Amino acid sequence: MPIPQTLTIRRPDDWHVHLRDGAMLQACAVHTARQFARAIIMPNLVPPVTKVAEASAYRDRIRAAVPSDLKFEPLMTCYLTDGADPVELARGKKEGVWVAAKLYPAHATTNSAHGVTSMDQVAKGLEAMEKAGMPLLVHGEVTDPDVDLFDREAVFLDKVLFPLLKRHPGLKIVLEHITTREGVAFVEAHPDRMGGTITPHHLNYNRNAIFKGGIRPHFYCLPIAKREEHRLALRRAATSGNPAFFLGTDTAPHSTDTKECACGCAGIFNAPVAMQVYAQVFAEEGRLDNLEAFASLNGPRFYDLPPNEEKVTLRAAPLDVPETVEVPGLSKTITVFRPDTPVGWSF
Ligand code: OTD
Ligand code: ZN
Ligand code: ZN
């Protein structure tokens, strides 16, 4: 079948975004808002967003950072810390501020030093979320230094996530940025309670790309990209039409200088190229017919929100996006994710 030259779908949403704050927010918000109608905003600021009032103020700053000709709705999350307050969780949900709460195992990724040290520490908070119908979003990696970096997701599923599902039978959970076939299988095994987000970069390259011809910091993020067999499992899941899998870019901007150094930051800034890369993956898999489900339908369904009514059109054309984005407030740039393989879609 010939590949279509245009594809019209409902406007997509991004169910996992780091927009940062201050000058970085000013520079980045527009790129997410150009592509997506809504986004789940990650709370890993410094200090993290743990209170309803902080989330509400952050939401105002995000709205103010988006150009007024773009319609964009930030969906806020609570950063869970040890002893997370069940009352604050329930109140924020009731007041329409929190959409979900985020679980970072302590030290798992950027700005996760305040993360949770054991599930006992958040049991009361999770019970409140169960009652309030508030999903838990998890960064699914153990942080035990004795566990190999490439095994941390698979070990998390057995050691942490499976017991958590049993302990909180009413809790809906999203396994964020899945990177392994084990992660895919875990989500598939709990279709009534679980969702999984998949990033464009984990669909595009495997771990070899990080080291091809030298160390390449702009391909470094956490969870780290795995072997090819895992990338293929992610591509099958994302393009399958299974409603449990949905779009989450995990765009995580860092200035170019803080990535290109001796101890570079983890995170990939993909907001300007996200839909183009996803469309390329779906085209390569011969499943463009399932892009709308992944990008625009499965997420709202999981979160009990209506899908967007507005339509957008992707066109078959070479990727046309600058290599860097300026951050005027800091006199710095952010390097935009650029796949090694051709991207034949524009947005
Ligand atoms: N991964 N970087 C960041 C977050 C994500 O785990 C994540 O969600 C970040 O910089 O905030 C990263 O590599
Ligand atoms: Zn994460
Ligand atoms: Zn993230």
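Let's start inside this predicted model, at strand S8: Met-194, Gly-196 and Ile-198 point one way from the strand, Gly-195 and Thr-197 point the other way, and all are buried. Put as a count, 5 of the 5 residues in S8 (194–198) are buried, so the strand rates as mostly covered, given that buried means under 20% relative accessible area.

What sits alongside it? Strand S7, residues 173–175, is joined to S8 by 3 bridges, and the two run parallel. If you want a spot to click on, take Leu-175, which stands opposite Gly-196 in S8.

Now follow the chain out of S7. Thr-180 lies in the loop between S7 and helix H6 (181–189). Is this loop residue buried or exposed? Thr-180 is buried, with a relative accessible area of 2%, and that earns the label because the cut-off for buried is under 20%. As for its company, leaving aside residues up to four places away in sequence, Thr-180 touches Glu-153, Lys-226, His-230 and Leu-234.

Thr-180 also gives us a handy ruler to another part of the model. Pro-135 is 45 residues from Thr-180 along the chain, and their C-alpha atoms are separated by 22 Å. Pro-135 is worth the trip, as it takes us to the largest pocket, which has a volume of about 320 Å³. That pocket is lined by 23 residues, and Pro-135 is among the closest to its centre, along with Lys-93, Trp-98, Val-99 and Tyr-303. Which elements give two or more residues to this lining? They are strand S4 (73–79), strand S5 (98–103) and helix H4 (123–132). S4 gives the most, with 4 residues. If you're thinking about chemistry, the lining splits by class into 13 nonpolar, 3 polar and 7 charged residues.

Next, the enclosed spaces. How many cavities of 30 Å³ or more does a search of the whole structure find? It finds 3. The largest cavity holds about 120 Å³ of space. Its lining has 16 residues, and those nearest the centre are His-18, Thr-109, Leu-222, Asp-250 and Ala-252. By class, this lining comes out as 5 nonpolar, 8 polar and 3 charged residues.

The second largest cavity has about 60 Å³ of space. Among the residues lining it are His-218, His-254, Lys-259, Gly-267 and Phe-337. Helix H9 (256–259) and strand S12 (332–335) are the elements that give two or more residues to that lining. Here the class split is 5 nonpolar, 5 polar and 1 charged.

Last stop, a sheet. 3 strands form an open sheet in the order S1-S10-S13, with antiparallel pairing. The edge strands are S1 (6–10) and S13 (345–346), each of which pairs on one side only. Strand S10, residues 311–316, is joined to S13 by 2 bridges, and these two strands run antiparallel. Look for Arg-315, whose bridge partner in S13 is Ser-346. Then bring helix H11 (residues 291–302) into view: it packs on the sheet, touching S1 and S10, and its direction makes about 25 degrees with that of S1.

Definitions and conventions:
Residues are numbered from 1 along each chain as its sequence is written. Chains are lettered from A and ligands numbered from 1 in the order in which they are written. This is a predicted model: local features need pLDDT of at least 70, side-chain atom pairs count only at pLDDT 80 or more; totals for chains, interfaces and linings use all residues. Side-chain values use heavy atoms; hydrogens and water are left out. On a 1 Å grid over the protein atoms alone, a cavity is a set of points where a 1.4 Å probe fits but cannot get out, and a pocket is an open set with protein on both sides within 12 Å along at least five of seven lines; lining residues have an atom within 4 Å of a point. Grid points are joined across faces, edges and corners, and a volume is the space filled by probe spheres set on the points. Ala, Val, Leu, Ile, Met, Phe, Trp, Tyr, Cys and Pro count as nonpolar, Asp, Glu, Lys and Arg as charged, and the others, Gly among them, as polar. Two strands pair if DSSP finds at least two bridges between them. Contact means heavy atoms within 4.5 Å. Axes are lines fitted to C-alpha atoms, for helices over the stretch in contact, and angles run from 0 to 180 degrees between N-to-C directions. Buried means under 20% relative accessible area, exposed over 50%, partly exposed in between (1.4 Å probe, protein chains only).
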